[in-house]
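Visitor: I would like to learn how to read the place where two chains meet. Could you take me through it step by step?

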Amino acid sequence: MSTHVENKSAEPVTVKSLNTDNPRWCAGCGDYGILMGIKRFMVDRQLQPHLTVHVSGIGCSGRAPNYINTYGVHSIHGRPITVALGLALARPDLDIFIESGDGDALSIGGNHLVHGINKNFNCVFLLFDNELYALTKSQTSPTTRKGHPTNTQPSGTYLDPLNPLTLVLGAGASFVASTADWMPDHLASTIAAAFQHKGFSFVHISQRCPHYDPNAFDYKTSSWFSFLKHEKGITPDKRLAEKTEVVEHDPTSLEGAFKYASSERRYFGLFYQNSAKACYDDILHKLRDSAEKKPRAKILDRFQI
Amino acid sequence: MSVEKKKISRFELLMDAGFGAQKAGDILITAFAKMGKYVYIEPMIPAEISPPPRTRPALSGVIIRLADFDITNIGNDTDIILASHEIVLDRRIDDEETNVNCRVLLDMGDKPANEESYEKVCKRLTKMGISTYPFEITAESKALIQSLSNSGQNMYYLGMLSSIYNMPKEIVIAEINKTFGKKLKEEILSKNIKIYENGYDYAKANILFSIEVAGVPSQTEKILIDGNTSLSMGIIDAGIKLFSGYPITPASSIMHTLAKVFPSYGGLVHQAEDEIAAIGTAIGSYFGGVPAITCTSGPGLSLKQEFIGYATAAEIPLIVIDAQRSGPSTGMPTKTEQSDLPAVLFGNHGDNTKVILSVANVIDCFYAPQMARYLTEKLRVPVMLMSDFQTANSYKVIDKPKVTEMNNVDDIQDFVLERFHMSRLPANIEMVRDNQAAPGDLQGMRRVTGLNSDHLGQINYFSKTSQRAHAIRNSKIHEVRKALTKPEMFGPEQGNILIVGWGSSRGAIEEAINSCRAQGIPASGIHFKIVYPFPLMIKEIFSKFKKVVTVELAYGDEFKLSPLAMLLRAETLIDVQPMIAKATGRPLRPRIIMEQVKELLS
Ligand code: SF4
C-alpha cells in the first residue's frame, strides 16, 4: 500500500501524538505489542494521521482503532473488510488498515476475507490471531488448537485448527506474511512491507492472550519456530533468530509459500508476494475515469418519446 | 366493423416467457404515447428465467391501461386479452381481473395437439360469460416465424393489437424500427415488420370490432420510464457517487441500469459478495464523505439489518432502497407487496431511529434519492427508501421531470421537499458526537463505534450517556416529525370515511375517491410518502372522520392488524381498521376500494 499525501500536518507524527485514551486490554495482552508496532511504523513513515483510517470488527482486536489517533471505524462483527472497501473506493487518497481477529476474519467474516483477497483492494489487513474468542470469554475459534478446553468445548476443542495461511494463499492473496506480537522489530518491518505492497496485504500475527490461554505461545524461546528470509523479504528478528533456524525463501514462489505455510512448524516472515495481481479499486476507478463524461442535465433525454 | 369510442380501456398480451411479450408492449405504449394517449403498463414477469413453454409458470406478459386522461395506476379489469395459447390464459383468468364484457382473442395454433385442454379452457370462458375470438397466425407468417428460428410471434400479436386499438400502422412500424433498427440485421428486421403487418391486416379483416381511445399529441417534452430506471437516474441527479448492491429481484435492475451509465457521471457501481458486504461498503464510503447508496429486496433486507443499526449508532449517513416483493422468506420474487414496513421500521435490534421514505409513482422515484440524501446527511440516521415490485417495473409516460443536479444537500429545491410534504429541517441538528469530521480533515481525527458513545465520541457505558444518546437520536426523528406538512388528501377534509394508504397505493386511492365522489359516495383519502415518522397533525386529521380505514398490500384479518393500521393506531389511538389488507401479490384495484367503501357506508 503506498500513500500520496495532499495536505500535510506541520506537526511531526510521534507515538505520543498517536495515543488516545488508555487501551482497555488485560495486562500482558499481545494487543499492546501490535498497537505499538502499528504506531512505530506510522512514526517511521510519518504517515499522516488525518489521511489514515483504521477499520476493525468486533473482539479484543476490534478495539485497536479506538486507541490510535487517526480516523477509525470500529464496525460490526466480521465485516470490517466491507467497510474498508467502501473507503478504498470512495477515497483512494487514504491509507487503510484493517484490524481483525481469528473469530472475526475466519469465522463470521470468512466470506469477506476470501472476497477481499480476490478483489485485492489496497489495504493492510492485520489478523490478530490469539487462537480463541476472548472478548466473549473463551470459546473455540477456527484456529483453536485441537484439545484445548474452552467454554463451548470444555473437554477440549474437537477439530484440527483451520490454517489461515494456506487458506489465504489458496484464495489467491497477493501478499502473505506472518509475525508475532512479541517481536517488535519484525512486527514493524512486516507492517512496513505490507504497506509497501499495492493490494490486499494479509499479515498474520500470532497474538498472546494471557488471560484465557497463557500457554499458547512460548514467547521467551524461539526453537519452536523458524524465520523466512530473502532479499525481497522481511529481516528476521535479530535476537530470536540467533537461537533458531532461518530459512531462505523466495517470496515469488507460491509452491515454496505453500510448503512453509502448511508445515507443522511455525514460520515467520514473508511467504508470498505477487505484485502483478489486478486491484479491484483501480479497475473501478479506471472505468469511471476513462468513461466518456456526460452532463447530468441531460440525463433524462434518452427516455424522451 | 364497429369502432367503440372509449375514455379508458385495459388490455393484456399473454405469452410464454422469452417470446417478447414485454418488448411488444413497450413498442405499443410508446406509439400510444406519441399519439397523445395516456398509458400505464405493468409487466407480468415469471420468477424463473425460462420456464418450459405451455406451462402455467411460463406466463409472461403485459397489462396495458390506456386512457384519454392522466392515469395513475393499472386500474381494475381487463377488456381485451390476447393469449398465445390456452394455458397462460387459464392461469391468468385465475387472478379474477377480467371485466364482465371481457373479450379474449385466443391463438388456436396449438389446438390440434391439445384438443382437450383447449376445450376445457374455452368452456371455462363461456361459463364466465367471456366471449372468445379464436384466430390463427396465417400460414405465410408462420413460415416467416419459423425462418426466424421461432421468433416474431410477438410482432404478429402486436399487429393485431394495434389494429384493434385503431393505431396507424406507420406509427407503430416507426417504433419497431427505433427499437430494433440498430440491433437487428436489415433482413431480420424487415421480416419482423412483415409479420407485424400481417397481424395488423389479419385483425382488420377478421376481428370485427375496434376500440378508439382519443389522444391529443402534446407539445411538452414527455418521457417513458419505469420506476427502477427513474430511481437510477434520480441517484445520479442526487449527486450520489457509489452504488453498492447484490443481485436480488426486483432491486437488481437498478444496478443493471447504473452499471451501464454511472461511470459517465462520475459514479462507481460495486457488486458485492453478499447483501451484508453491499451495505458495509456503502457505509464505508459515506464515512469517507462520499454519498453512497445500497439497495435490496425481500431476504436482503433481513441480512442488512445489523449494519442499519450500526449506521444509526455510529451516526454514519446511509440510504437503503427496499424494493419490496412478496414474502415471507423467498415468497414471490416477482409479485408486489407492502409488508416490509415493520421490518424496515423495527428490524434492527435495540431502539430504532430512522426515516422511511416511500414512492408513489415514477416521478417520486426520480426525486426520492435527493430527499434521502438530504435527510440522511442532515440527520446522520439511516433513510429507508421504499418502493415495491409494482412501482419498480411499471412504466408510465410522464412530463419530463426537472433535473436539479444536486451537489450539496442544503441546495435541495423547495419543490422536491414539497413533493414529499416536508419543509426544510433546522440548520443545526444535535448529534450524539460533537465532531462529525470526515477523513482528510486535519483537526478532526475521530473514531466511530457501534458501542455507546459520549459527546466526545468515546466509548462510554454510563447510564446517563446511554439515555442521552437515545434521546438525541430520537430527537433527530422528532425534527422530521415537526418539519412534516399535511400529507396529500383526496376529497373533503372531514366526513364519514377516510381511506389511508402509503407508497404505491396512491394511484388506486386517488382514482377510487374520484369514482366514489362521481357517484355521490362521500369518501376521502389520504396518502403518506414519508411513512415514518408521521406528521404531528395526523390525529387531528383522522378525528374529523367517523371511520378511518387502511388499504395496503399486506396481510391482515380480524385478529391480525395489517402493518399500516397497526402503526396508525399506535400513533393516534384512533380505531384505524384495515379495509383492504391482502397479500395476493397483485396491485390494489380502485374498483375494489370503491366497493368496500360502499359496503362500509351501508
Ligand atoms: S482477553 Fe485475551 S486477547 Fe482479550 S484483552 Fe485480555 S488478554 Fe488480550
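Visitor: Which residue of chain A forms a salt bridge with B:Lys400?

Guide: Please keep in mind that this is a predicted model. A salt bridge is recognised when a side-chain nitrogen of Lys or Arg lies within 4 Å of a carboxyl oxygen of Asp or Glu. Here the partner of B:Lys400 is A:Asp301, and their closest N and O atoms are 2.7 Å apart. Between chain B and chain A the count is two salt bridges, while 35 residue pairs are found in polar contact across the interface.

Visitor: Which element of chain B gives the largest share of the side that touches chain A?

Guide: That is α10(B), with seven residues, although several elements of chain B supply at least two residues each, including α1 (21-34), α8 (227-237) and α11 (298-314). Sorted by class, this side of chain B has 33 nonpolar, 20 polar and 12 charged residues.

Visitor: How many residues are in contact, and what area is buried between the chains?

Guide: On chain B 65 residues are in contact with 56 residues of chain A, and the buried area is about 5100 Å², with carbon and sulfur atoms giving 63% of that area. Of the area that chain B buries against chain A, 14% comes from B:Leu268, B:Glu273 and B:Arg447, which is more than any other three residues supply.

Visitor: In which sense do strand β2 of chain A and β17(B) pair, parallel or antiparallel?

Guide: Strand β2 of chain A, residues 71-74, pairs with β17(B) in the parallel sense, over three bridges. Within this pairing you can look for B:Arg447 in β17(B), which stands opposite A:Gly72.

Methods. Residues numbered from 1 in each chain as written. Chains lettered and ligands numbered in written order. Predicted model: local features only at pLDDT ≥ 70, side-chain atom pairs only at ≥ 80, totals over all residues. Heavy atoms only, no water. Contact = heavy atoms within 4.5 Å. Buried area = accessible area lost by both parts, 1.4 Å probe. Polar contact = N/O pair within 3.5 Å; in protein donor to acceptor, adjacent residues only side chain to side chain. Helix = DSSP H or I, 4+ residues; strand = E, 2+ residues; numbered from the N terminus. Nonpolar A, V, L, I, M, F, W, Y, C, P; charged D, E, K, R; others polar. Pairing = 2+ DSSP bridges.
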